[in-house]
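Good morning, and thank you for coming. Today I will speak about charged pairs and nonpolar cores, and I ask you to keep the structure in view as we proceed.

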Amino acid sequence: MSKARVLQLILARLEDDLALAQVAVQTAHEAAIHEESIAENKYDTRGLEAAYLAAGQSRRLEEIRQALNRYRNLQPRPFDAGRGIQLTDLVRLVDGQGVEQTLFLGPDAAGLKVRDGDRQVMVITPRSPLGQRLLGRGEGDEIELTLSGALQRYEVLEVG
């Protein structure tokens, strides 16, 4: 799997998420202004709740829009062993139990997962604890990270 292919998959997923978020914003807005949302007494909070939901959906829409713009402007670079792992690198890790995972170090959309065939790739950012530990590393390097009080060990198997 190439970086270019992963980037295409991420863009497609973000575009799908954007379309869904736009529908959610419209639906939440319509619910907030619908006549059934008008308070019947001081304890009736349907309208207020609908307005909060609409505001939250609008924030989520903007987050997706910003992530999509960052990925559209992203220029994948070939891995440079002298610099180690950097933004846009595709990294395959194995943990202490032998479980492998493939990660894409991206500027945004942490946690987003895309699948190409039988391989799943998860996006992480340099701001995440694992992303921070990966920066500057290379194939064969080992990384230790404490998550939820438990020590996790990873080995970098491949970088592309």
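A search of the whole structure, which is a predicted model, finds 10 salt bridges. Side chains of opposite charge can pair when their charged atoms come close. I shall present three of these pairs.

Let us begin with Arg60 and Glu63, whose side chains form a salt bridge at 3.5 Å, N to O. Why are these two residues separated by about one helical turn? Both belong to helix H2, residues 46–72, and they are separated by about one turn because they stand three residues apart in that helix. As for the surface, Arg60 is partly exposed, with a relative accessibility of 42%. Glu63 is also partly exposed, at 44%.

The second pair is Asp108 and Arg70, with a salt bridge of 2.3 Å, N to O. This pair links distant parts of the chain, 38 residues apart. Asp108 sits in the loop between strand S2 (100–105) and strand S3 (113–116), whereas Arg70 belongs to helix H2. Is Asp108 buried or exposed? Its relative accessibility is 18%, and the cut-off for a buried residue is under 20%, so Asp108 counts as buried. Its partner Arg70, at 39%, counts as partly exposed.

The third pair is Arg92 and Glu100, whose side chains meet at 2.7 Å, N to O. Which residues are joined with them into one network? Through salt bridges that share partners, Arg92, Glu100 and Glu158 form one network. Arg92 has a relative accessibility of 22% and counts as partly exposed. For Glu100 the value is 46%, and this residue is likewise partly exposed.

I turn now to the nonpolar cores. The largest one has 22 residues. Within this core, the residues with the most contacts are Ile10, Leu14, Tyr71, Phe104 and Leu112. At least two core residues come from each of helix H1 (3–33), helix H2 and strand S4 (119–124). Helix H1 gives the largest share, nine residues.

Let us look at Leu112 in detail. What does Leu112 contact, once its neighbours within four places in sequence are left aside? The partners are Ile10, Arg13, Leu14, Asp17, Val121, Met122 and Val123.

Apart from the largest core lies another, of 13 residues. Among them are Ile85, Leu130, Leu134 and Val156.

Thank you for your attention.

Note on methods: Residues numbered from 1 in each chain as written. Predicted model: local features only at pLDDT ≥ 70, side-chain atom pairs only at ≥ 80, totals over all residues. Heavy atoms only, no water. Salt bridge = Lys/Arg side-chain N within 4 Å of Asp/Glu carboxyl O. Helix = DSSP H or I, 4+ residues; strand = E, 2+ residues; numbered from the N terminus. Buried < 20%, exposed > 50% of the residue type's maximum accessible area, 1.4 Å probe, protein only. Core = buried A, V, L, I, M, F, W, Y, C linked by side-chain atoms within 4.5 Å. Contact = heavy atoms within 4.5 Å.
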